Amino acid sequence: MAFDGIVVAGIVKELRDTCMNAHISKIAQPESDALLLTLKGSFGQRRLFLSANASLPFACFTAKNKPSPLTAPNFCMLLRKFIANGRIVDIVQPSLERIIQIEIEHLDELGDLRHKSLIIELMGKHSNIIFCDDEHKIIDSIKHIPASVSSVREVLPGRAYFIPNTQEKFDPLTITAEDFLSQAGRKNTTLSKAIYLTYTGISPTIANECCYRAGLDADSYMESLSDTQKLHLANNFIWMMSDVKEGKFTPTIIKKSGEPIEFSAIELKEYSDFDTYQIQQKESLSEILEDFFADKEIYTRIRQKSVDLRRIVSSSLERDHKKLQLQQKQLKDTTKRDKYKVYGELLQAYGYGIEEGAKKIEVNNYYTNEMVTIPLDPQLNPQENAQKYFQKYNKLKRTSEALEKLTIEVEQEINYLESVANNLDIAVTEADLSAIKEELIASGFIRHKSGKKEKSAKSKPFHYISGDGYHIYVGKNNLQNEEITFKLANGGDWWFHAKGIPGSHVIVKTNGEELPDRTFEEAARLAGYYSKGRETDKLEIDYLQRKNVKKPNGSAPGFVVYYTNYSMTIHPDIRGIEAVEESS
């Protein structure tokens, strides 16, 4: 995930195609390090969001109007003074730097035409928005960088603006194959590092993509390549840069299990070999960026809000696993109880021959017809020794029966907690987390706090439409699993679940009709995807009519049993299955 020089090139092209000769009608500063420009032109009206946030710098068109402070910051007031109603005459990117320069013409107080530059530097913690005059002197910036902060370049009013060349990288848009071989080709490092450490604006993602297109391992070392392989790598890199120069962009989002993990202005072919990734492409890079960061924010927020719940579940699981391990060890120790029973019976049979004060006796075990040595307590007579062994036997037998019951209970609790952990993995809204929390309170894993219960939106099952038009429902938590299985579904509907592992219940509404094979397969893929086995290549799915699914009395939420079922093996990939958006 990198806002690299190629993404900036894509944004610049989009801005040039849209905003040339547009007027800046409004200037707002909704955040301390971000601007929102409202532009008007032949295209109508559009908002351009520019962020110099150190952890998330980006620039794109947005449909959202972000709220601004009642009193505009000084930098915003300065821009309004100079370039309000100014006309955008050019938008450029120096080399392949992560820099956007917006050139603006405006009229001064005397009505004379003046020229200003708004420069957006998208460089991680060094990101900034800098306002310069026609001589490239800094008028002001959204962040002031004095010499005490940076010895390379001061960013202060009155200072000359320049792009520091601190990394001594080359411009990838102007190189030849010979240049590549003499620059990156001689580095004693991995192919990926050799590329992104040598050229401006190239991220590790793009470097890896170049290696993939050349059919080479990005982690192999440059010195291990033959001259032919190096030349092939150089040509692939130059072909990629040619597309950038010609403005041939393919805005792309890469998702894994629904979560956005990568975006790019060009096609990322390296992900196409993996079914676990979902690849989405759109015409607008701004739309890609806005969707990516909006989805990323949702997943980040959900992950942060689920931290406490995950800690409760994981600590309970850890405790139960330790408890189960101890119980199984104790249960194993009780397996010798039958030996004590045999000792008692043999002493009753052969005790008449034991001398007083004897410490052991060797007798024939009539069960196995083998000789066995039985330890004796010399202070006890034969009958008392026999009774002692019978008492040991009975004690271990009672212990075994109790432990067998306890281990079953702990195993069931572990299975339940693992199902909750899976539910946390597939939660996508705060309502989903609230439902899981309520379930954990009801199950006794979270202490219920007295007070007014907060109202929250009701969590709804995932809803899909099969390729043949049948409605498919997927439970997001154990209570929801029971609801769709025993309330939403009728006896003739079909029920699906990943075999032997935690996962969601999946219901297909049949409408009294016989389901096509494709719908069976799609429902099975959904059951696999929303289970703990979603990352595996092949997964076995059980399916049967709902009327054959039973819930034992007193069992944990979501726990069911069935004895007659069909099975199929699938790959848990749900691409192509139509999802129905939840309505609020």
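These notebook entries record what I looked up in a predicted model.

**Entry 1: His-505**

I began with the position of His-505 and found the residue in the loop between strand 17 (494-498) and strand 18 (506-508). I then asked whether His-505 is buried or exposed. Its relative accessibility is 1%, so I recorded His-505 as buried. For polar partners of the side chain, I noted a contact between His-505 and the side chain of Thr-485, at 2.8 Å. Leaving aside residues up to four places away in sequence, I listed the neighbours that His-505 touches: Tyr-473, Val-474, Gly-475, Asn-481, Ile-484, Thr-485, Trp-495, Phe-496, His-497, Gly-558 and Val-560. Thr-485 thus appears both as a polar partner and among the residues touched.

**Entry 2: helix 9**

I next checked the length of helix 9, residues 337-350. At 1.5 Å a residue its 14 residues should span 20 Å, and the end C-alpha atoms are 20 Å apart, so the two values agree. Which residues of helix 9 are buried? I recorded Tyr-340, Val-342, Tyr-343, Gly-344, Glu-345, Leu-346 and Leu-347. I also looked up what covers these buried residues; the cover includes strand 13 (360-365), strand 14 (370-375) and helix 10 (382-426).

**Entry 3: salt bridges**

How many salt bridges does the model hold? The count I entered is 30. I examined several of them in turn.

Lys-13 pairs with Asp-17, with the closest N and O atoms 2.8 Å apart. Both residues lie in helix 1 (residues 5-19), and they are four residues apart, about one turn of the helix. Lys-13 has 31% relative accessibility and therefore counts as partly exposed, while Asp-17, with a relative accessible area of 56%, is exposed.

Asp-291 forms a salt bridge with Lys-282, and here the closest N and O atoms are 2.2 Å apart. I noted Asp-291 as partly exposed, its relative accessible area being 26%. Lys-282 is also partly exposed, with a value of 25%.

Lys-499 forms a salt bridge with Asp-542, at 3.5 Å between the closest N and O atoms. This pair links distant parts of the chain, 43 residues apart: Lys-499 is in the loop between strand 17 and strand 18, and Asp-542 is in strand 19 (residues 539-545). I had met that loop in my first entry, as the place of His-505. Lys-499 counts as partly exposed at 39% relative accessibility, whereas Asp-542, at 2%, counts as buried.

I also recorded one network, in which Glu-259, Lys-296 and Arg-303 are joined by salt bridges that share partners.

**Entry 4: cysteines**

Finally I looked for disulfides, and the count came to zero. I checked Cys-19 and found it in no disulfide; the nearest cysteine sulfur, that of Cys-60, is 12 Å away. Why is no disulfide assigned to Cys-19? The rule asks for sulfur atoms within 2.5 Å, and the nearest one is 12 Å away, so Cys-19 does not qualify. Cys-60 is likewise in no disulfide, and its nearest cysteine sulfur is that of Cys-19. On accessibility, I entered Cys-19 as buried, with a relative accessible area of 1%. Cys-60 counts as buried too, at 2% relative accessibility.

Conventions
Residues are numbered from 1 along each chain as its sequence is written. This is a predicted model: local features need pLDDT of at least 70, side-chain atom pairs count only at pLDDT 80 or more; totals for chains, interfaces and linings use all residues. Side-chain values use heavy atoms; hydrogens and water are left out. Helices (H or I, at least four residues) and strands (E, at least two) are DSSP runs, numbered from the N terminus. Buried means under 20% relative accessible area, exposed over 50%, partly exposed in between (1.4 Å probe, protein chains only). A polar contact is a pair of N or O atoms within 3.5 Å; within protein, one must be able to donate a hydrogen and the other to accept it, and residues adjacent in sequence count only if both atoms are side-chain atoms. Contact means heavy atoms within 4.5 Å. The expected span of a helix is 1.5 Å times one less than its number of residues. A salt bridge is a side-chain nitrogen of Lys or Arg within 4 Å of a carboxyl oxygen of Asp or Glu.
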